[in-house]
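Q: I am new to this structure and would like a close look at one part of it, the salt bridges. Please set them in the chain as a whole before going into detail.

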Amino acid sequence: MTSTMHTLLILAVCILGTVQSLYQSCKEIYAYDPSSASGTYQIMNRKQEPFTVYCDFYTDYGYTYIANTTSVHIDIDDLYTSKEHVMVRKLHVNGEQKETRMEQISKYKAQFPLSLQYNANVGYAMPYNHNQMGPYLYLGFLPVRIAQNRNQQGYRANGVDYLFTNCDSNPNSYMAFYFNHNRNVPINYAGCCDTTLMHDWITHATAVPKSRYLPPEFYLFFEMHMGGCGGYAIPPTIIHDVQGAALGLRFDYDSPCAPSPCQNGGSCYPNDGHTFICECPEGFVGASCQNSV
Ligand SMILES: *[C@@H]1O[C@H](CO)[C@@H](O)[C@H](O)[C@H]1NC(C)=O
């Protein structure tokens, strides 16, 4: 083999290797191979720039967590299929990991799904440490136009609404998760505003089995801000026993067999995650068993 041929071959292998191994989401990884194990994967954004995620797979659904090393733009809308809830993980100082299913409060559930944004908060209050610690992942509960009223607000954690009444029209209703690549210290919010509401989602969290622990690089510095008298919290000054939190974006996998494509009593089998194969009963043929013989 000439050295030119050799180089070309290596080049071809490298290009193929890159193209084949990078998907744009955990959902795609699962669709390609539903037996994929939960773990750390490289995926790419729409500009084909790679970044690291943890895909936490369950049967037909899962959560995507983004690593603290990520410095490329994240097309966050590609990473979830539902804004009905997110899973927020916490890494405690003693090494334990716990999680809380976070949702919009019942009263606004139908009107306002959660807001998920990457380094933006369009329609929602600006996170306090965005200059110091951004870029950030944004989890918005109520948009400014609703939160600026002196109404009842809050969040829902593991199936329970935790509420407060906004006392001064301040429209904060969010959590922000900071990549903080420069390791800056948070700005001082005047030692304000430790309330029970800032701890309820932690107090009522669920233990995560050790086999599902995330590696520590998926935990980010975070800030929770509610109101107008709901509270403000960061670790460790207000949330003492938590080192970091991770935002789990929910995706649901719709099997190609979900729309029941096989007719005339045919049985459907997913094929490579994207297409289906129908096994037809006697007397029927066709990709969907649509023809009688
Ligand atoms: C990312 O996480 C790892 C593991 O906790 C930590 O050692 C590293 O300092 C973190 N990087 C940043 C930029 O925070």
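The answer below goes from the whole chain to the charged pairs, and then to a few backbone details.

A: This is a predicted model, in which local features need pLDDT of at least 70 and side-chain atom pairs count only at pLDDT 80 or more, while totals for chains, interfaces and linings use all residues. Residues are numbered from 1 along each chain as its sequence is written, and side-chain values use heavy atoms, with hydrogens and water left out.

The chain as a whole is the setting for the charged pairs. Its secondary structure comes to five helices and 18 strands, where helices (H or I, at least four residues) and strands (E, at least two) are DSSP runs numbered from the N terminus. Along the principal axes, the C-alpha trace covers about 75 × 60 × 35 Å. Of the 293 residues in the chain, 47% are buried, a word that stands for under 20% relative accessible area, with exposed for over 50% and partly exposed for what lies in between (1.4 Å probe, protein chains only). Among contacts (heavy atoms within 4.5 Å) between residues at least 6 apart in sequence, 61% join residues at least 24 apart.

How many salt bridges does the structure hold? There are eleven, each one being a side-chain nitrogen of Lys or Arg within 4 Å of a carboxyl oxygen of Asp or Glu. As a general matter, side chains of opposite charge can pair when their charged atoms come close.

One of these pairs is formed by Arg 46 and Asp 78, whose closest N and O atoms are 2.5 Å apart. The two residues belong to distant parts of the chain, with Arg 46 in the loop between β1 (39-44) and β2 (50-58) and Asp 78 in the loop between β3 (61-66) and β4 (86-92), 32 residues apart. Arg 46 counts as exposed because its relative accessibility is 54%, and Asp 78, with a relative accessible area of 24%, is therefore partly exposed.

Glu 103 deserves a slower reading, since it takes part in a salt bridge with Lys 109 and in another with Arg 156. In the pair of Lys 109 and Glu 103, the closest N and O atoms are 2.9 Å apart. Lys 109 has a relative accessibility of 35% and so counts as partly exposed, whereas Glu 103, at 6%, counts as buried. In the pair of Glu 103 and Arg 156, the closest N and O atoms are 3.9 Å apart. Here too the bridge links distant parts of the chain: Glu 103 is in strand β5 (residues 97-103) and Arg 156 is in strand β8 (residues 152-157), 53 residues apart. Both Glu 103 and Arg 156 are buried. These contacts belong to a wider set, for salt bridges that share partners join Glu 84, Arg 101, Glu 103, Lys 109, Arg 156 and Asp 161 into one network.

Strand β4 also holds Arg 89, which is buried because its relative accessible area is 0%. The C-alpha atom of Arg 89 is separated by 9.4 Å from that of Phe 218, although the two residues are 129 apart along the chain.

The backbone adds some details of its own. In general, most residues other than glycine have a negative phi, and most peptide bonds are trans. In this model, a cis peptide bond joins Gly 134 and Pro 135, with omega about 5 degrees, and Pro 135 lies in the loop between α3 (130-133) and β7 (136-140). The peptide bond from Gly 227 to Gly 228 is likewise cis, with omega near -5 degrees; Gly 228 is placed in the loop between β12 (221-227) and β13 (231-233).

Positive phi values occur at Gln 48, where phi is near 65 degrees, and at Asn 119, where phi is about 50 degrees; neither residue is a glycine. Gln 48 is found in the loop between β1 and β2, the loop that also holds Arg 46. Its relative accessibility of 56% is why Gln 48 counts as exposed. Asn 119 lies in the loop between β6 (115-118) and α3, and Asn 119 is partly exposed because its relative accessible area is 38%.
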